[in-house]
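Trainee: Could we go through one strand and one pocket together?
Mentor: Happily, let's have a look.

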Amino acid sequence: MASSGRGPFSIHVMVVVLVLLQLLAAGAPVVSESAANNTLRPGEELPNPDGDLIDCVPSHLQPAFDHPMLKGSKPLDPPERPKGHKAGVLTDDDIQLWRTSGETCPEGTVPIRRTKEEDILRASPARRFGRKPVSRTRRDSEGSGHEHAVGYVAGDQYYGAKASLNVWAPRVASSSEFSLSQIWVISGSFGSDLNTIEAGWQVSPQLYGDSSPRFFTYWTTDAYQATGCYNLLCSGFVQTSNRIAVGAAISPTSRYNGMQFDIGLLIWKDPKHGNWWLEFGSGVLVGYWPSSLFSHLAGHATMVQFGGEIFNTHASGFHSSTQMGSGHYAQEGFGRAAYFRNLQVVDWDNSLIPAASLRVLADHPNCYDVQARLNTAWGNYFYFGGPGRSIRCP
C-alpha cells in the first residue's frame, strides 16, 4: 500500500475530556471535545495505543479505484445533505484512538489502517478475509449463526437513514465470533441478489486482532457471497475524509451505570449522482459507495434496519456467551442497555423524516431482545442487547 511519506505513522493517545449533557430524566450521550488539530508531516511516526499502523495514502491511489468500474476515477466533491439535516459544527472529535492528540493526514490523502500478515492469517479461510461469514439475513437468519435484535422499516422507497447509537465494548467469546451495532440499507430479496450498505461499530477479534469497538463499513451485492467487504479491504467504497480511519478503534465507550458515549451516522443517496454517502460523528463526510457497484441499490432501498448482530459459532449445544450491545437486556434502559435514538429515513425528496411505523424483531429474544419507545427528545428509539448464554439463554 502506498503512503504519503517514508513510512506509516501511528498516534499517541491523550486524555479525552468528556462533557455530560442531559436531555430528559433519561439523560443524553457523552460527547468528546477536540484536541489541537495537527497535520502530521510525511514520515513522522508516533506510538499508537491500539497497535494499528495508519498510512496516509494519496486519495486517487486508494483501493476503491482498483475496481474495474472505478478505474481512472477520482473522489467526487461532497453532495448536498438531506433537507432537515441539522448541520453540526465540524469538529475534530476525538472519537478514534489514532486521533486523540489531534493529528490528521495531509489534505489530498486518506488514512488507511494497514493490513498486516497476521490479520490475514487469522481469517478462516484466508480467502474470506474482510468478508462476513456467508449466511441468510435478518428474518431468514434462523440457524445461520447470525443473530439479530433490530428495529426496521419496510414497504416504501428509502434513500437513506440516520440515527445515533451508543458505543460499548461487548465481550466476544470466540476469536471467530463478532458483535456489532449498525445501520443496514437494504434492497433486493433475502436471497442471492441481496444488496446492502452497512455502517456502525463492531468488536471482531478475528478481523482486527483485539477486543476494541471499531468504526466499520460494509457492502455486498450478492448476499455476502463474493462481492463487497469490510472497510477498505477490497475495492469499492471511496474514502474522502483525511480525519477518519475506517476500521480504527473508537474511544471512549459507554459505561454501565455511567457516562454514555454515542456516535451519529447518516447514509444517504446523492440525488444528483446517485452515490450513497456516509457521514460520521459531527458532520464528517467519510466517503461514498458508488452507485455503479449495485444492482437494486442503484435505485433505492426497500428496507432500513437499525440494531445489533452477533455471530454464534455454536451450531449445537450451549449458546455462545458473546454479548450484544452492553451485554444487558433492553428492559434495563438508559445507562445499562444499548440504544439507537432519533431514527430517521431519507425520502424521495431528499428529506429526513421520522422512521414511522418502526417494527422490532429479535431472532433469539431469550438471548438478545429489543424494546421500541417514543418520546419528544429521542423521537423513535429503542433499547436492545443481551448477554448471550445465561439462565434465560441456555
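Mentor: What follows is a short talk about a strand, its neighbours and a pocket. The model is predicted, so to speak with due care, local features need pLDDT of at least 70 and side-chain atom pairs 80 or more, while totals for chains, interfaces and linings use all residues. Residues are numbered from 1 along each chain, and side-chain values use heavy atoms, without hydrogens and water.

Trainee: How many of the residues of strand β9 are buried?
Mentor: Strand β9 (a DSSP run of E, at least two residues, numbered from the N terminus) spans residues 179-187. Side chains in a regular strand alternate between the two faces of the sheet. On one side Ser-179, Ser-181, Ile-183, Val-185 and Ser-187 are buried (under 20% relative accessible area, 1.4 Å probe, protein chains only), and on the other Leu-180, Gln-182, Trp-184 and Ile-186 are too. β9 is largely enclosed by the rest of the structure because the buried residues number nine of the nine.

Trainee: Which residue in β16 stands opposite Gln-182?
Mentor: β9 pairs with β16 (residues 301-311) in the antiparallel sense, over eight bridges; pairing takes at least two DSSP bridges. Opposite Gln-182 in β16 stands Gly-307.

Trainee: What is the bridge partner of Ile-186 in β10?
Mentor: β10 (residues 195-203) runs antiparallel to β9, joined by nine bridges. Within β10, Ile-186 has as its partner Thr-196.

Trainee: Which elements give two or more residues to the lining of the second largest pocket?
Mentor: Among the 18 lining residues, Pro-78, Thr-240, Ser-241, Asn-242 and Leu-285 are the closest to the centre of this pocket. The elements giving two or more are β6 (109-113) and β15 (284-289).

Key
Buried < 20%, exposed > 50% of the residue type's maximum accessible area, 1.4 Å probe, protein only. Helix = DSSP H or I, 4+ residues; strand = E, 2+ residues; numbered from the N terminus. 1 Å grid on protein atoms, 1.4 Å probe; cavity = no way out; pocket = protein on both sides within 12 Å on 5 of 7 lines; lining within 4 Å.
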